[in-house]
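Ready to practise reading a protein structure? Take your time with the view below, then work through the exercises one step after another.

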Amino acid sequence: MTQTGMPVHAVGWSPAGGLHLLDQRALPEREVLLTPRTIEEVADAIRTLAVRGAPAIGVAAAIGLASSLPRATLAEVESAAALLRATRPTAVNLGWALDRMLAAARAAVDAAVDAAVDAADASGDALDKAMRAEAEAIRAEDEAMCRAIGAHGQPWMEPGIGVLTHCNAGALATAGIGTALAPLYVAHARGVTPHVFACETRPLLQGARLTAWELRRAGIPVTVITDGMAASVLASGTVALVIVGADRIAANGDVANKVGTYGLAVLAKHHGIPFVVAAPWSTVDLATPDGASIEIEMRAREELTVLGGRQVVPAGAEVHNPAFDVTPHTLITAMITDRGVLRPPFPFVVTSALVPPPV
Ligand code: MRU
């Protein structure tokens, strides 16, 4: 959403039918559009965070797979999916989207082989068509899930509420209006504008560079703070809600999200402030029993040692750079999903307990 009401499209289809990305590495200084054409270019865009945020990388992988391998064989599609899957291990949406794409591809090839005389030829066309349709379904569903999360989050949106968030779980991280930021956008559209405190999110500054950029475009006031200021800001009484996204939600409700999230949950509990996670159902991973079983992506040393082109850590000092941490479910007040709001003990297996998304 922008001041002119136009949504920011972080990921989608290019006019030529390929993958379109807004290069998040260049923000907030420049708005650069990318159209990765080969599967290696798609993998590189995900690995280097040109596109990032759990739902957005799932959508990018799906559209990238569908558009970069014209008339490929099923074996070529499977090997391309394996390349994309290995780019970032923590966000479950990536593997979830690739599994859906592979299932659609296999079903299309089976059907074409059953029906066609020239099986190889027919399966190429059928595979292209099926993968494009599935990628579009994944994109459109993500957009709809964001809208539903936005609607389900309205009970928290008191006029003028101070809201603290971490990293970027907004439009830039999804194919829609975001997850953690979706309730804020919906509230703003109905005249209930929150004031957002965005943790800068070291080391790659997704909060300062991306969350502040998209909120300002939408006309929502935002104050950027360093990660170390969160405790005093929460103690000051100006924040009534902490809301974050998620990269993977384990079956017991533990949540992996950007490193620093766990500390915010501890702080929120100490200050009696609700700590809410907003995520689509595609981020729930029932195959992972708990947070300890979630693989945490480790990133390059240089992300910490170099700041603004300058060496800020002496040679010889060791560096620890996990991209995510795990917040135990016991610290989470509620989860806003597209299927409704979950309260402890987070009954993911009892989906019938949930209310349907609003229309
Ligand atoms: O490393 P990133 O920038 O991909 O990390 C993103 C986050 O941690 C987000 O909070 C999460 O993916 C949810 S996005 C809706």
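Here are three exercises on this predicted model, each with a worked solution.

**Exercise 1.** Find which residues are closest to the ligand, and sort the shell by residue type.

*Solution.* Start by looking around the ligand: 16 residues surround it, and the closest are Arg52, Ala54, Arg88, Asn257 and Lys258. Next, sort the residues of the shell by type: seven are nonpolar, five polar and four charged.

**Exercise 2.** Work out which protein atoms lie beside oxygen atoms of the ligand, and where the ligand sits.

*Solution.* Begin with Arg52: an N or O atom of its side chain is 2.8 Å from an oxygen atom of the ligand. Move on to Gly53, where a backbone N or O atom lies 3.0 Å from a ligand oxygen. Then turn to Asn257, which has a polar side-chain atom 2.7 Å from an oxygen atom of the ligand. Now consider the surface: the ligand taken alone exposes 420 Å², and the protein buries 99% of that. As for the place, the ligand sits in the largest cavity. Helix H2 (54–67) and strand E9 (255–258) are the elements that each give two or more residues to the shell around the ligand.

**Exercise 3.** Locate Thr283 and decide: is Thr283 buried or exposed?

*Solution.* First, trace the chain: Thr283 is in the loop between strand E10 (275–278) and strand E11 (284–285). Second, check its accessibility: buried means under 20% relative accessible area, and Thr283 counts as buried because its relative accessibility is 0%. Finally, look for a partner: the side chains of Thr283 and Asn93 are joined by a polar contact of 3.1 Å.

Technical notes. Residues numbered from 1 in each chain as written. Predicted model: local features only at pLDDT ≥ 70, side-chain atom pairs only at ≥ 80, totals over all residues. Heavy atoms only, no water. Near = heavy atom within 4 Å. Polar contact = N/O pair within 3.5 Å; in protein donor to acceptor, adjacent residues only side chain to side chain. Areas by Shrake-Rupley, 256 points an atom, 1.4 Å probe, with all protein chains shown as cover. 1 Å grid on protein atoms, 1.4 Å probe; cavity = no way out; pocket = protein on both sides within 12 Å on 5 of 7 lines; lining within 4 Å. Sits in = over half its atoms within 2 Å of the grid points. Helix = DSSP H or I, 4+ residues; strand = E, 2+ residues; numbered from the N terminus. Nonpolar A, V, L, I, M, F, W, Y, C, P; charged D, E, K, R; others polar. Buried < 20%, exposed > 50% of the residue type's maximum accessible area, 1.4 Å probe, protein only.
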